[in-house]
4 protein chains.
Amino acid sequence: MSAPKKVVLAYSGGLDTSIILKWLQTEYGCEVVTFTADLGQGEELEPARAKAELLGIKPENIYIEDVREEFVRDFVNPMFRANALYEGQYLLGTSIARPLISKRLVEIAEETGADAIAHGATGKGNDQVRFELAAYALNPDIKVIAPWRLWDLTSRTKLIEFAEQHQIPIAKNKRGEAPFSVDANLLHTSSEGRVLEDPAEEAPDYVLQRITRPEDAPDAPEMVEITFEKGDAVAIDGEAMSPATILTKLNELGGKHGIGILDLVENRFVGMKSRGIYETPGGTILLEAHRGIEQITLDSGSGHLKDSLMPRYAELIYNGFWFSPEREMLQAAIDKSQERVSGTVRLKLYKGSVRTVARWSEQSLYSEAHVTFEEDAGAYDQTDAQGFIRLNALRLKLLATRKRRG
Amino acid sequence: MSAPKKVVLAYSGGLDTSIILKWLQTEYGCEVVTFTADLGQGEELEPARAKAELLGIKPENIYIEDVREEFVRDFVNPMFRANALYEGQYLLGTSIARPLISKRLVEIAEETGADAIAHGATGKGNDQVRFELAAYALNPDIKVIAPWRLWDLTSRTKLIEFAEQHQIPIAKNKRGEAPFSVDANLLHTSSEGRVLEDPAEEAPDYVLQRITRPEDAPDAPEMVEITFEKGDAVAIDGEAMSPATILTKLNELGGKHGIGILDLVENRFVGMKSRGIYETPGGTILLEAHRGIEQITLDSGSGHLKDSLMPRYAELIYNGFWFSPEREMLQAAIDKSQERVSGTVRLKLYKGSVRTVARWSEQSLYSEAHVTFEEDAGAYDQTDAQGFIRLNALRLKLLATRKRRG
Amino acid sequence: MSAPKKVVLAYSGGLDTSIILKWLQTEYGCEVVTFTADLGQGEELEPARAKAELLGIKPENIYIEDVREEFVRDFVNPMFRANALYEGQYLLGTSIARPLISKRLVEIAEETGADAIAHGATGKGNDQVRFELAAYALNPDIKVIAPWRLWDLTSRTKLIEFAEQHQIPIAKNKRGEAPFSVDANLLHTSSEGRVLEDPAEEAPDYVLQRITRPEDAPDAPEMVEITFEKGDAVAIDGEAMSPATILTKLNELGGKHGIGILDLVENRFVGMKSRGIYETPGGTILLEAHRGIEQITLDSGSGHLKDSLMPRYAELIYNGFWFSPEREMLQAAIDKSQERVSGTVRLKLYKGSVRTVARWSEQSLYSEAHVTFEEDAGAYDQTDAQGFIRLNALRLKLLATRKRRG
Amino acid sequence: MSAPKKVVLAYSGGLDTSIILKWLQTEYGCEVVTFTADLGQGEELEPARAKAELLGIKPENIYIEDVREEFVRDFVNPMFRANALYEGQYLLGTSIARPLISKRLVEIAEETGADAIAHGATGKGNDQVRFELAAYALNPDIKVIAPWRLWDLTSRTKLIEFAEQHQIPIAKNKRGEAPFSVDANLLHTSSEGRVLEDPAEEAPDYVLQRITRPEDAPDAPEMVEITFEKGDAVAIDGEAMSPATILTKLNELGGKHGIGILDLVENRFVGMKSRGIYETPGGTILLEAHRGIEQITLDSGSGHLKDSLMPRYAELIYNGFWFSPEREMLQAAIDKSQERVSGTVRLKLYKGSVRTVARWSEQSLYSEAHVTFEEDAGAYDQTDAQGFIRLNALRLKLLATRKRRG
């Protein structure tokens, strides 16, 4: 790969990406464009602008954007239509944010005439894969620079030295190692590394970033009603809201009630296991609610097919294949199933748990006439069951007859 | 179907199966053998013996058995190896008990020379299917009698009349309709019908049979450690126990802490939706724990394959195909994966929720050497990631190039 | 079910459906509407009109339609996009025609104010299921009458007697039993029953209805080029044709060259096995050609996902669930994959076999630059393979390390 | 990676692996052990011994083995139980041989105290992946040397120069480029590269290595009967034979009758498409025969599950994951299904095509009593079909009712 001339950097404004910024400048002598996105990570973005300027980035090369609505509308919501869980438990909070960032990096590269993008993910993790697969899928000619795989700043000491040497400001609490590493966006906060590296050791309480410990949550349950249209949450307690507003509101509720803490050892795409503490307050509520509305609006054929496709869909997102034709194929199938997934679910939030307690919909397929223990006025003829069972049993009988033959 | 000469009846000792008993005698003039099983439903069995005798069953025709160990060892445990959840949420507590009952009914029929079996499931539900498919799969020539699909006792009034007419004792509280219908075994209790028939109405608290309301559960969390061998729980807090003892103990813990309540609208195999309240205290803990031990002992290849097979496996059990070759095929695959799923999980139980907080195993695949944020002494070469990503990206680049060609 | 007042009958004009027509009139005293479709079965339709009139059907109640284009465009083509094969071998020629017939029966019922439809499929086969599931999916209130499950005309003798009694004309060769039963449409001809009932006996040559025996096919191979657009065949040897014209032309070619004979024992949805001889000349060529164009226009992600969905898709069609939400979900995924499946395939036809020998497309993903044994000008960096393999191997190494630990 | 001290080389005796042998010696100064396997590729092995000796390999370091029986028994046969086809068409002839070679390389390394193995696969293909994943799965500490990814002998000229410089004998016809590259074993011969690189160009006839052109095959069909036990072919025309003997015999038959030619563009695991001509004469017959015996001995539950697992199973083998837990899980499921796949199939071989024409088995599930068009003596009650259809239709009716509600 020839040296890049102009690089769009995914820039948080923090120490690490500031070091990368400077390293790109010194290593390649290239122009750097910074892209800082508000994905709901809960940090001010303007300091990133100031810091980029301080590091010599031209104002027109500083991109700061609030992408929260796009994030929820085009990434989080489609994913939740699938009830996606990676390895049965993980709501994919980090995974789903990466393709959006790459998409904007590539778009900005094209707008600014940059020939490369750069990210701050290490060589051991999934995020490098997600950033790069998305970028290549959107622009096959883009160069991707992953400094952590390239440089020799392989210890905290060396990083700090580099920063000092290049007049990069270092916040006091950043000189030492953080006790663990954090990633956050509107959907979730993940914590991993260092004090969390031994999966036999319980995570200390101070790891939690945004969810109240269940023990400290309110003593009274709280009810919430979520309304869906075509598989997406569109209102809370009857009030219509934008996608990001809904997720923000659910995060508040979940965080308050201790909902959405997951301590997981998962399989990374690059081959090793890692342990993370995930906080997904709103997402945990949303999954339960979406399951709740599907209970009455999806038939078994759609629902069971969805369930069987889900693990693969989740794996694709986890592995970084959001912008792949197979994810789009699965999405087409899933979206097809959601055309009438509309209605309202009531949930009970209490000290770490969320449960559907009621659901109703104009699109409901639930037929009290059929299921009732009372007289059903001919809706269902119980004698039909005999033929149904007999024909389902026919091959089993033939198998049993063979077995008895020996 | 010619009239049966001798029928083995799944007999609970309750009013409904007593009516069936008498109806079989009067309708067919046939000899009746009763089979009453202790599946952990929490009822005394000896009254069933007395009642059967009262209804004229010969002592040698009364079978009363404690099948709890067999139930957990040969049915519940294999199913939990799969992390089976029907429609993403239901732990299959009723479904998994039916094949065992049918197996014993068929075996007793063969021992006693009976040509038929009978059950008390209605023509609207799944249980008739499960009983009958299992029976036919085990004995292709057995007759199955399902009185609820045959007789004209279609209202409570008619049933009571029949009982009175035939001197069947009626407990006081059985004269009227129960407000809902209950099924129980060691794995779960289900409640459905009548006051629960409207899924938009919250279930009243009095529906709960064995789980404390989370609000009434202890204010202090409790930790429990479950040890697995080859996928099955074998010890609690270091103490080895039999399969049924473990599940009993976990039921106590879960019940105490409000864990395992599910309010579900599900799709029955016979085509309609139904709503049930399921209480699965021990099973809910067990699923979480099994997931926890798999986190460190299963690799991604095994785990992801298991996850993709699970929905079909769960559907087979739900639909009554336990004794089918395809369930056995899936079981062979699942059991193969469990050979090293051994180790211990620590879980936190608190007011309705259960969470894995630590897990350890001599069979662990977790490699701190590989995943560490610290210096890894060459365990992992970060530059490998570049080639890994590039080849994974190759087809995406070719796709993107084509798209750009137009 | 109350007696029908007006019935739309799927009417071939043959003896069996004429008997049904008369039986409906006599059994229910109802008005009968006949629907006779040209699905490419190769029979004149006008005799059906004359015969219907003779049996007392009012002219306005006689529907005769050429649905060949709709059949191929809306049913056959979508199915071939999936490369659908039931049980690995069967091209679903009968299965795919049934939903179209039911669709028109239901539509005509609604146009004519009929409350029921009727078909001539027996109670042992798949077609009854396909007709009825499709009808109920399109009109939940329609009545379906299946005379073969209802009447007592259970032998050839009784049928002939009924026909004679009701002045139904009987062709000479219809008095006795046919040596086997035939169904045909533009996609295929199936033969089953009687002389074919023993799967250990070879089918006699006279069973073949439309395909030349390979031994009698031309001694010289013939080449044909099929052009696809978005997954559908649109031209043969460069000449654009309508969907039905293409299939007709391919049938001629395949029939001439002995292509598309299948002797199969399959599993019916109703539980037993049956043996059939299927002749699918054009379809067999089309499947090979479609696979051929997909080879260069689908990437592995799309292709492998399609392959994994196909068995379920084929099973749905076989079982009669064309008009089901899960078939539509799968179709959405499949159609998504076909957006660039355009280009041309050259095939060689010779004495029973068809083989792709060349294929080309403006949408090709084949990159000679990448794959070449020659110098590739940097298109592919072979050292990338090392990292790719190492990270794919990482979990296998961890597994092996564990195994060596014992 | 530190330099290897002793390397086991997969050695064919040909020019390329002789160059590798010498290169290993000169590059690393290491001891080389050669392993030459008879996998049925149809070449004498003793010349490889002479050549190895000539190149300075100690006699005790020369391993020459006939592994044909192991190849068919432990690799080919298990794979054919699955009816494995990669991308719907490819019988995996190359893929399935690689893990066996790696297994022996690793075993010999352990026997001889070697710390590394080496292979002659290039950096663009699948074989490098297959060799290396298998090796790492069997010995996590083994070093794997892939000279084609390491050296600078990147052109034919340089290779020849290196050979001349090191006194490696060069057969006359090896000085120039071969017009295409060939790999062969008992299961298949593949040809690819150079004259075959344009998938729009037909392959010239001279590419065929072991199959007669269909046009040149005998004018008379030939029948063959293959007997299976538990899914594996065990006899031909009633004569019991060893696994490799059976495949050899079927290769003769298939080769003679022009059966098993495939011209394919496939997706390599490393990301690009490649085109190959595959000749799999015996394997093509075997697949058809295995399907034929499964038709009567597998029930639909087993068969459909197998079909749905097959694409993943085939992909695993293609990608090199033979020695992976997920392949073993799938194998456990598949093998479970084969317990009664025993019986005999008669096939007709004629000018490029093979067709099942009859099959019989003591394990047959085919029930003429159930399927017959004649009177069935009560084996099947046609009225059962009504209930079967109605309950299968119930959810479709509820969906249709909802749709009509709007």
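1. Which residues does A:T122 touch, not counting residues up to four places away in sequence? In this predicted model, A:T122 touches A:Q128 and A:W148 of chain A, together with B:Q382 of chain B. That set of neighbours is a useful place to begin reading the structure, since the points below take up the annotated residues and then the contact between the chains.

2. The place of A:T122 is in the loop between β4 (116-118) and α5 (127-138) of chain A, and the side chain of A:T122 reaches the backbone nitrogen of A:K124 at 3.2 Å. A:T122 counts as partly exposed because its relative accessibility is 32%, a value that lies between the limits of 20% for buried and 50% for exposed.

3. The UniProt record, in an unreviewed entry, places the feature "binding site" at A:T122, A:N126 and A:D127. A reader should keep in mind that this label comes from the record, and that such annotations may be inferred rather than shown by experiment.

4. A:N126, which is also named in that UniProt feature, is found in the loop between β4 and α5 of chain A. At 6% relative accessibility A:N126 is under the 20% limit, and therefore it counts as buried. Leaving aside its neighbours within four places in sequence, A:N126 is in contact with A:E266, A:R268, A:F269, A:V270 and A:Y318. For one of these residues, A:F269, a polar approach can be given as well, in that the side chain of A:N126 reaches the backbone nitrogen of A:F269 at 2.8 Å.

5. Turning to the two chains, 102 residues of chain A are in contact with 102 residues of chain B. Between them, chain A and chain B bury about 9,200 Å², and 54% of this area is on carbon and sulfur atoms.

6. How many salt bridges are counted between chain A and chain B? The count is 10, and among the pairs that meet in this way are the side chains of B:E110 and A:R404, with a distance of 2.6 Å from N to O. Between chain A and chain B there are also 46 residue pairs in polar contact, with both residues at pLDDT 80 or more.

7. On the side of chain A that touches chain B, helix α13 (residues 384-405) gives the most, with 13 residues. Sorted by class, that side of chain A has 43 nonpolar, 25 polar and 34 charged residues.

Definitions and conventions:
Residues are numbered from 1 along each chain as its sequence is written. Chains are lettered from A and ligands numbered from 1 in the order in which they are written. This is a predicted model: local features need pLDDT of at least 70, side-chain atom pairs count only at pLDDT 80 or more; totals for chains, interfaces and linings use all residues. Side-chain values use heavy atoms; hydrogens and water are left out. Contact means heavy atoms within 4.5 Å. Buried area is the accessible area (1.4 Å probe) that two parts lose on being put together, summed over both. A salt bridge is a side-chain nitrogen of Lys or Arg within 4 Å of a carboxyl oxygen of Asp or Glu. A polar contact is a pair of N or O atoms within 3.5 Å; within protein, one must be able to donate a hydrogen and the other to accept it, and residues adjacent in sequence count only if both atoms are side-chain atoms. Helices (H or I, at least four residues) and strands (E, at least two) are DSSP runs, numbered from the N terminus. Ala, Val, Leu, Ile, Met, Phe, Trp, Tyr, Cys and Pro count as nonpolar, Asp, Glu, Lys and Arg as charged, and the others, Gly among them, as polar. Buried means under 20% relative accessible area, exposed over 50%, partly exposed in between (1.4 Å probe, protein chains only).
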